[in-house]
Protein chains: 4
Amino acid sequence: MAGNSFGTLFRFTTWGESHGPAIGVVVDGVPPRLSLTEPDIQQWLDKRKPGQSRYTTQRQEEDLVRILSGVFDGVTTGTPIQLMIENSDQRPRDYRNIADRFRPGHADYTYWKKYGVRDYRGGGRASARETASRVAAGAIARKILGPGVRIRGALVQIGPHPIDRSAWDWRAIEDNPFWCPDAAMALRWADYLDTVRKAGSSAGAVIEIVASGVPPGLGEPVYDKLDGDLARALMTINAVKGVEIGSGFSAAVLKGEDNADEMRMDGDKVVFLSNNAGGILGGISTGQDIVARFAVKPTSSILNPLRTVDVDGNEVEIATHGRHDPCVGIRAVPVGEAMVACVLADHLLRHRALTGGI
Amino acid sequence: MAGNSFGTLFRFTTWGESHGPAIGVVVDGVPPRLSLTEPDIQQWLDKRKPGQSRYTTQRQEEDLVRILSGVFDGVTTGTPIQLMIENSDQRPRDYRNIADRFRPGHADYTYWKKYGVRDYRGGGRASARETASRVAAGAIARKILGPGVRIRGALVQIGPHPIDRSAWDWRAIEDNPFWCPDAAMALRWADYLDTVRKAGSSAGAVIEIVASGVPPGLGEPVYDKLDGDLARALMTINAVKGVEIGSGFSAAVLKGEDNADEMRMDGDKVVFLSNNAGGILGGISTGQDIVARFAVKPTSSILNPLRTVDVDGNEVEIATHGRHDPCVGIRAVPVGEAMVACVLADHLLRHRALTGGI
Amino acid sequence: MAGNSFGTLFRFTTWGESHGPAIGVVVDGVPPRLSLTEPDIQQWLDKRKPGQSRYTTQRQEEDLVRILSGVFDGVTTGTPIQLMIENSDQRPRDYRNIADRFRPGHADYTYWKKYGVRDYRGGGRASARETASRVAAGAIARKILGPGVRIRGALVQIGPHPIDRSAWDWRAIEDNPFWCPDAAMALRWADYLDTVRKAGSSAGAVIEIVASGVPPGLGEPVYDKLDGDLARALMTINAVKGVEIGSGFSAAVLKGEDNADEMRMDGDKVVFLSNNAGGILGGISTGQDIVARFAVKPTSSILNPLRTVDVDGNEVEIATHGRHDPCVGIRAVPVGEAMVACVLADHLLRHRALTGGI
Amino acid sequence: MAGNSFGTLFRFTTWGESHGPAIGVVVDGVPPRLSLTEPDIQQWLDKRKPGQSRYTTQRQEEDLVRILSGVFDGVTTGTPIQLMIENSDQRPRDYRNIADRFRPGHADYTYWKKYGVRDYRGGGRASARETASRVAAGAIARKILGPGVRIRGALVQIGPHPIDRSAWDWRAIEDNPFWCPDAAMALRWADYLDTVRKAGSSAGAVIEIVASGVPPGLGEPVYDKLDGDLARALMTINAVKGVEIGSGFSAAVLKGEDNADEMRMDGDKVVFLSNNAGGILGGISTGQDIVARFAVKPTSSILNPLRTVDVDGNEVEIATHGRHDPCVGIRAVPVGEAMVACVLADHLLRHRALTGGI
């Protein structure tokens, strides 16, 4: 209830600050007898790791994860799994000069107003570094979901440049540094981001997560609807300002007969003729692909000076010289995947509790 | 944890089906010694009540609320407050002919897949009738927030027709049946919805909720961020497919320096020069207006026949002849306000617990 | 989190005051497709109902339960079940003369200190009348547990008179008004309580609950241990001052080799040679009978005058002339059974979530 | 919800196995700006540390705690506090010979039945080593409670030897290795335990915890009563079989007029003439001392051979040669204190949330 936990049955709690000795996550509610090793988790952390291209922060974090509990002889025991990642590339000095100033668009001001104290080093707890713990938890969630459920993310817009959805090719996302399913657009984004970066600015993005193979029936109406939990899960990722499911905001433009996904039989199987619902009706999964999108604002830490105030009420300017992502949306892709996995794993267990099924 | 509760300290649980004997909500965690009477709650229910214009369902529900517990001599006692609304205009027969068919865009299919049984009368638990309980809970939440916090909602788009934001006038929303702050657009919507209704179709909408006077510091990072909880709160309202905070999805298009809200001093008070953040940074309220928008899909219950299947796997058609809203977004305005009030009241209590202050 | 809810997956919230219009409970997390009717619940309420012998309060409550939601065509639908019991025999006038005085041993003083306001009519929310809602919830819990799990309670001590455990006969509990498994002791208790009642006094009691047929594996270490949850469940019943599991406090006197329940095989089945553990090891059920006992203090509402103070700080005396139980422990038996059923049902669902099995 | 967390607003989650690399606890919901250093926590861990006398296990654990997050410049920041204790004296080989056998009175059998796998090294997660994390969390809880609340524990019975309560002297508990407030009885216990230990056996105990200076009003009726939460808190400590508040089980023997604590005025202050209630009425603190007792069974790990079975269903014998406490009740004293502190700190925050007071 205290803010740093997520999930009900599959439940994790993250801890740690950007420039403290370590960050980590304790994952509780993991079924026993699942095989789990550090490489199972590391593979996903490596996707989020900074410094992999010139489009992400140059901070050099190895992000090596250690399993400290909950696993014995290579399998989960049903007890809490503590995962720890030591912070190797801390440069708190980078932040001393901005310790007294509130960076616009950052949580500096609100933490100070709420707590009366803040760890200013790299954003402390508000840093996107916390998302590494989410990715680690997500790796365990995928184990619970099993190989039948596939969760993939893609960047579908950077700044004013959306992809051409008709050109969508999942194979393309491994071939560019943007998780972009439209190879042509990836090239254009590269140019665009180079320009943005050189201009000392930053760009926003939209990410789409697709979960395939999700059984129908997941979700607990009415307040723990699957889409409600997904919305919360994605909105809590740093810098996210909007979430939509299926046709999302564009559903408002449609007429009833165009939006409702009609149903037919394919042999003895129910099929939907479209997926405006994004795989969720009444808060419960339909069995179709679950489709969620979220918007990430442009990085607030930019070289261009901005007007702000300091803790003493002086009007000052600030320019952020730390190592930052010109587009935080890029590294948000594996984080979004992880959060979707965590929501689904939790609801899988909840559904099993209620109905005995699956 | 079982799906029908919302909130942590200010916590309510709703119950009841569309065509059962009654619906209601038990609200727990209400501070003692707040004045509370049935009219305090009824006034908000009356705003949501069906049948108030030709643009909402003609179902005639008085929606009279009774306080069954938790109030003594006109003040709250700190014990749970049970609010009950009897269902007066039940016509379950209206639904018998569709009992075996899954209405596209409705929760019929998913409830059947999840539970193996469903109360088909008017959508049962999945009916938007449940939102009356949310409005009732919201009335108590407003009491907790006090008169300094003002929460208002407006419809900002119906179908393809958004309002002209430069024409925004809060006074206008009382003068048209749409909660529309743009008087000219309200006239246009009236024409548009008449056309839609006569065509046996329905329209979607976008609602904006603005909360003023919210103190800075509310919200519990990182998983109980204020925006995360608002996203969940609004996404769980029937038919909602998207939620955004502040500049929302349009933030993705902005550059860093354009999106970050700069700060200056106004005397000894910090002021922001814009509000792209929608009043929330790092999951914590800034003291600015909190601005949230949500998209409502077009009503799925329409006269126009749609292709579907029945419980026996037959391909059939369905047309819904019940009494439905051509645009459910209209009555979603007071519901959205109520959910925002509930989130804020909960976080006010949580913040008081953590810091002692407000 | 707000105090009036119990359980995690099988979760109920009670509401209502002793002399308000009604009391009730909303039960969430009930699996679908369980048969459930009002008589299924009423049968248990009838066991707790006051006025059944001269040893319990003469208040005449019919305690008729109504199902307001969550059941359709005689089966649960998986949605919240609201159960309501109207208060028929309210005599708030009985309490007006003690409205300003704190009854020693009652919650009057603490409610006043906590809330600054209290519903003084019959104890308001602190009344044992609330336990009717527990019994109603317990009836649903038993449905979840199924016929293989049998939960029975017995009174094993009244005042200074414990039963002779070697004379234990479950059949006897239906033949006396005390749920006493020792027929000879029941006669002695009758005499004793007559004396106590005539003397304007009251007596305490010890209740034992035995659950048979509980599968091994229920309980979630380390903070949601089965015995921890049972302790909380029973301690929250009105007037309870102690809880023990298995050999309980007498375990402190035993030596290790006498306390540890040794194990042998009976065919291919593991058997224990004793049950000092009360069916729980490490917080998890062993498959043996679960045995819990709890102590109930003597009724604080007595005719004999007691020294107390009033809300204005005057020293006064008080004698309670309402209709009260000379030994509240008697009616606590079905309440204790219900709470044990609720804990077990919750853990059954939790175990199913974690492991898939039962 | 997943079993390894405790508390609602002040909430901690423990992790780690007896013979894994480390154990620890993440504490969430800690108010900001409390001074907190490692020695603040270490002082309480040192009281629980094994190997301090010949009456406790000879396992040599330094139990050095490290703060990994949530503290900056010596004060809490309001973010989660991760405390880690590395396991230094692991001898998993000690346990290999019993890996296939279920130790009677231990959780071996139930973990195996529940999870189908278990970490047999020293009891794994079921080891009393987990209680070090409770003590660490308790140290933070005491910071929240402040110096006005004093929580002290004492051993009041070992085996069949209770203390003489009239000889109670708090100063004595520092002068003997038993936390015994009766100096004469401490000498007798020393002899008794020497005999027990030499006989390869073990002894049970009863611990009493007293919390002074607790303000009235803490506790949330009806399911989160202060005594209910204390009962759960203490019952979840390893080997505990019974909990009582105030006069506890002996209340069952009293008459109403003897049990009810009468009230008088002392100047303008309400005073109670006795404390059978143990400082709690209706689940809410009265302002008197809170008094809780719990019974600890004799250590199940003893040298004397016991009959048991192994995982293959063979009947075998087992004698435990590891390093164990002849009376685990001794080291349970600081653990009980810590759990009481955690319950009180949580309810202090909850009360502040509800009423704004304190």
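**Exercise 1.** Determine how many residues each of chain D and chain C contributes to their contact in this predicted model, and what area is buried there.

*Solution.* Step one: chain D provides 105 residues and chain C provides 105 residues. Step two: about 8,400 Å² is buried between the two chains, with carbon and sulfur atoms giving 61% of that area. Step three: on the side of chain D, Lys114(D), Tyr223(D) and Lys241(D) lose the most area to chain C, together 11% of what that side buries.

**Exercise 2.** Describe the polar and charged links across the interface of chain D and chain C.

*Solution.* Step one: 53 residue pairs are in polar contact between chain D and chain C. The side of chain D that touches chain C comprises 51 nonpolar, 31 polar and 23 charged residues. Step two: the interface holds 10 salt bridges. In one of them, Arg232(D) meets Asp224(C) at 2.8 Å, N to O. Step three: Arg232(D) also forms a salt bridge with Asp229(C), at 4.0 Å. This pair runs from helix H6 of chain C to helix H6 of chain D, and both Asp229(C) and Arg232(D) are buried.

**Exercise 3.** Identify how strand E11 of chain C pairs with strand E11 of chain D.

*Solution.* Step one: the two strands, each spanning residues 240-245, pair in the antiparallel sense over three bridges. Step two: Gly242(C) has Glu244(D) as its bridge partner.

**Exercise 4.** Classify Arg293(D) and Glu208(D) as buried or exposed, and locate their salt bridge.

*Solution.* Step one: their side chains meet at 3.1 Å, N to O. Step two: Arg293(D) lies in strand E16 and Glu208(D) in strand E10, 85 residues apart. Step three: both residues are buried.

Key: Residues numbered from 1 in each chain as written. Chains lettered and ligands numbered in written order. Predicted model: local features only at pLDDT ≥ 70, side-chain atom pairs only at ≥ 80, totals over all residues. Heavy atoms only, no water. Contact = heavy atoms within 4.5 Å. Buried area = accessible area lost by both parts, 1.4 Å probe. Polar contact = N/O pair within 3.5 Å; in protein donor to acceptor, adjacent residues only side chain to side chain. Nonpolar A, V, L, I, M, F, W, Y, C, P; charged D, E, K, R; others polar. Pairing = 2+ DSSP bridges. Helix = DSSP H or I, 4+ residues; strand = E, 2+ residues; numbered from the N terminus. Buried < 20%, exposed > 50% of the residue type's maximum accessible area, 1.4 Å probe, protein only.
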